[in-house]
Amino acid sequence: MEVVIVPDSATGGELIAEAMAALLRRKPDALLGVSTGSTPLPVYKALAAKVRDFEVDASHARICQLDEYVGLPSGHPEAYRSVVLREVVEPLGLTDASFMGPDGSADDVAAACLDYERALAEAGGVDLQLLGIGTDGHIGFNEPCSSLASRTRIKTLTEQTRQDNARFFKAVEEVPHHVITQGIGTILQARHLVLLATGEAKAHAVALAVEGPLSALVPASALQLHPHATVVVDEAAASSLKLADYFRATYAAKPLWQGL
Ligand code: F6R
């Protein structure tokens, strides 16, 4: 796993957006897996700016969703489908046709999960999956003790995650208890995993994920199993890393041509 420590979230966003742009230059119809929440917004902003400035042509990009709330009415502004359309698909000048995600309003949630697994496989798999990390170490909505081999399925959010996400709703009671999430096994099939974490609230989870033992208790530690995983953290989120100096030195000495 490569750990890149950046001064702030805007720098992290720019770095990851450039990795996405480089991928699209190599593979114009790359399937980009996107996450939601606050952390990835600087990435989407930076990538949209690159498109506007003609630094990259994203017109053939394909976008897929990582997770979704179950039970929000379709079109709800906080449904992750709405968020991804608003924050990623539209700013990149794409249409709904280039987007795929699980159906959180399906009557048959189990079938919707299977359908989504099938759709991802038929699309050729995810080229680059952007991840955030929960304060409890979740990736996607794989909460602690999720199977490291799990596939897309329904999960129950922890109270901590519901509290963390209450800021997007009028009250914590409105945060759904259930979600559909790509499983950890599903996420690990993406060809490149990029996790962005910013802010001190993520420092403990980041340290456990990067330096702790591989454990279902810390789902993000599953990145240790991936042959191409990049963790981008700002100084605050890096503040509990024992090997921070080593990570800094390694990145400073990295040949530029390698990219992320
Ligand atoms: C949501 C997702 C979650 C978030 C995590 C952090 O699609 O994948 O794992 O990345 O809950 O959320 P923020 O960035 O809002 O702190």
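This passage walks through the overall build of the protein and then the surroundings of its ligand. The model is a predicted one, so everything below describes a computed structure.

Starting with the fold, the protein is put together from eight helices and 10 strands. Its C-alpha trace stretches over about 55 × 40 × 35 Å along the principal axes. The radius of gyration comes out at 17 Å, and this agrees with a compact globule, because a globule built from 260 residues would be expected to have a value near 18 Å. Burial can be put into numbers too: 55% of the 260 residues count as buried. As for the outside, the protein exposes about 11,400 Å², with carbon and sulfur atoms supplying 57% of that area. Contacts also reach far along the chain. Taking contacts between residues at least 6 apart in sequence, 77% of them link residues that are at least 24 apart.

Now for the ligand. It has 15 residues around it, and the ones that come nearest are T36, T39, D67, G140 and K202. Sorted by type, the shell holds nine polar residues, three nonpolar ones and three charged ones. Some polar pairs can be picked out by distance. In the side chain of D67, an N or O atom sits 2.7 Å from an oxygen atom of the ligand. The side chain of R167 likewise has an N or O atom 2.7 Å from a ligand oxygen. With G140 the backbone takes part instead: one of its polar backbone atoms is 2.7 Å from an oxygen atom of the ligand. On its own the ligand has 410 Å² of accessible area, and the protein covers 94% of this.

Conventions. Residues numbered from 1 in each chain as written. Predicted model: local features only at pLDDT ≥ 70, side-chain atom pairs only at ≥ 80, totals over all residues. Heavy atoms only, no water. Near = heavy atom within 4 Å. Polar contact = N/O pair within 3.5 Å; in protein donor to acceptor, adjacent residues only side chain to side chain. Areas by Shrake-Rupley, 256 points an atom, 1.4 Å probe, with all protein chains shown as cover. Nonpolar A, V, L, I, M, F, W, Y, C, P; charged D, E, K, R; others polar. Helix = DSSP H or I, 4+ residues; strand = E, 2+ residues; numbered from the N terminus. Rg over C-alpha atoms; globule rule 2.2 N^0.38 Å. Buried < 20%, exposed > 50% of the residue type's maximum accessible area, 1.4 Å probe, protein only. Contact = heavy atoms within 4.5 Å.
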